[in-house]
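Thanks for making the time, everyone. I would like to walk through one model this morning, going from one residue outward to the rest of the chain, so please have the sequence and the coordinates open as I talk.

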Amino acid sequence: MHSKFLPSLVLLLIPHLVNAHYIFDKFFAENIQELKTNIRQPKVVDPLLDVTADDMRCNVNKGLASQTATIPAGSMVGFELDTVIFHPGPAAFYLGKIPEGETAATWDGSGPQWFKIAEWGGKYDPEMWDFEPLNVRKLNTTIPSSTPSGEYLLRVEQIGLLIPLEPQFYISCAQIKVVNGGDGVPASMVAIPGHIQPDDPGLLLDIYHPIAGTTYTVPGPTVWRE
Ligand SMILES: [Cu+2]
């Protein structure tokens with residue numbers, strides 16, 4: 001590691017020597033708190049490092065989830081971590097539409113079925129890039145109200161940019177069933193992997209050397225909300 005990164009890294013890591021990573025291990029919604037049984041629980045706390053791997057879909061899991069949560073379109077959904085997000089970087093929520101013949105409890109996440117419904121980015125700060133989803137324990141948004149009814153995987157992707165040129169991916173999937181949906185047609189549907197290229201500028205940002213006047217674009221497709 002290049003020594004110029006060291007001071008900032010040490011500051012970021014000191015409070016977290018015991019558990020230097022984190023897992024989105026709980027789901028919540030308007031009437032649901034700390035549900036673990038609809039999440040395909042990641043096997044280990046370590047992040048994924050290869051954006052081109054199939055594991056990018058839903059992480060390496062202990063197994064499928066035993067439950068699928070029913071969520072009205074237009075209502076809130078979120079993920080909660082086992083700690084706070086302490087690695088600066090962007091985050092996004094995706095919905096994966098379950099293909100014909102599958103259910104949320106069986107689908108492996110393959111095919112161009114995914115669309116982004118929310119994202120959290122960063123802004124320039126002369127000291128260090130300032131990312132919105134930092135030091136929070138929960139991320140949440142609403143299911144777009146025109147989302148068609150049916151089963152989906154809800155996927156969170158938070159990208160830790162603490163080590164320049166070595167982005168870390170923190171990913172979990174929750175099994176949900178959207179009810180009272182609309183007739184929207186999700187746009188910018190993508191396959192995972194394939195949703196982010198390894199040379200995406202949003203992965204290669206050096207957060208410790210901000211350049212004035214630059215902006216940050218969260219990796220992946222544009223957000224669909226109708
Ligand atoms: Cu970590």
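Let me begin with Pro90, which touches, leaving aside residues up to four places away in sequence, Trp120, Phe131, Pro133, Glu157, Gln158, Ile159, Leu161, Tyr216, Val218 and Pro219. Please keep in mind throughout that this is a predicted model. Pro90 sits in the loop between strand 4 and strand 5, and because its relative accessibility is 1%, under the 20% cut-off, it counts as buried. As for Val136, it is 46 residues from Pro90 in sequence, while the C-alpha to C-alpha distance between the two is 13 Å.

The loop between strand 4 (76-81) and strand 5 (91-97) also holds His87, and that brings me to the metal. Which residues are the protein donors of the copper ion? They are Ala20 through O, His21 through ND1, His87 through NE2 and Tyr170 through OH, at 2.0 to 2.7 Å from the ion. The angles among these four donor atoms run from 74 to 165°, and the site is classed as irregular. In sequence, the spacing of the donor residues reads A-H-x65-H-x82-Y. His21, in the loop between helix 1 (6-13) and strand 1 (24-29), is 66 residues from His87, and the pair thus links distant parts of the chain. Both histidines are buried, His21 with a relative accessible area of 18% and His87 at 1%.

Turning to the packing, I would recall that in soluble globular proteins nonpolar side chains tend to be buried together. Here the largest nonpolar core has 32 residues, and those with the most contacts inside it are Phe27, Ile71, Phe93, Leu154 and Ile176. Among the elements that give two or more residues to this core are strand 1, strand 5, strand 10 (150-160) and strand 11 (168-179). Leu154, to take one case, touches residues that include Phe27, Phe93, Ile117, Cys173 and Ile176. Apart from this core lies another, of 28 residues, and Phe131, Leu153, Tyr216 and Val218 are among them.

Cys173 leads to my last point, a disulfide that joins it to Cys58 with an S to S distance of 2.1 Å. The link is left-handed, with -85° about the S-S bond. Because Cys58 lies in the loop between strand 2 and strand 3 whereas Cys173 lies in strand 11, the pair ties together parts that are 115 residues apart in sequence. Both Cys58 and Cys173 are buried.

Terms used: Residues are numbered from 1 along each chain as its sequence is written. This is a predicted model: local features need pLDDT of at least 70, side-chain atom pairs count only at pLDDT 80 or more; totals for chains, interfaces and linings use all residues. Side-chain values use heavy atoms; hydrogens and water are left out. Donors are N, O and S atoms within 2.8 Å of the metal (3.2 Å for Na, K and Ca); water is not among the atoms, so sites may look incomplete. Four donors count as tetrahedral if all angles lie between 85 and 135 degrees; four count as square planar and six as octahedral if opposite donors are over 155 degrees apart and all others between 65 and 115; anything else is irregular. Helices (H or I, at least four residues) and strands (E, at least two) are DSSP runs, numbered from the N terminus. Buried means under 20% relative accessible area, exposed over 50%, partly exposed in between (1.4 Å probe, protein chains only). A nonpolar core is a set of buried Ala, Val, Leu, Ile, Met, Phe, Trp, Tyr and Cys residues joined through side-chain atoms within 4.5 Å. Contact means heavy atoms within 4.5 Å. A disulfide is a pair of cysteine sulfur atoms within 2.5 Å.
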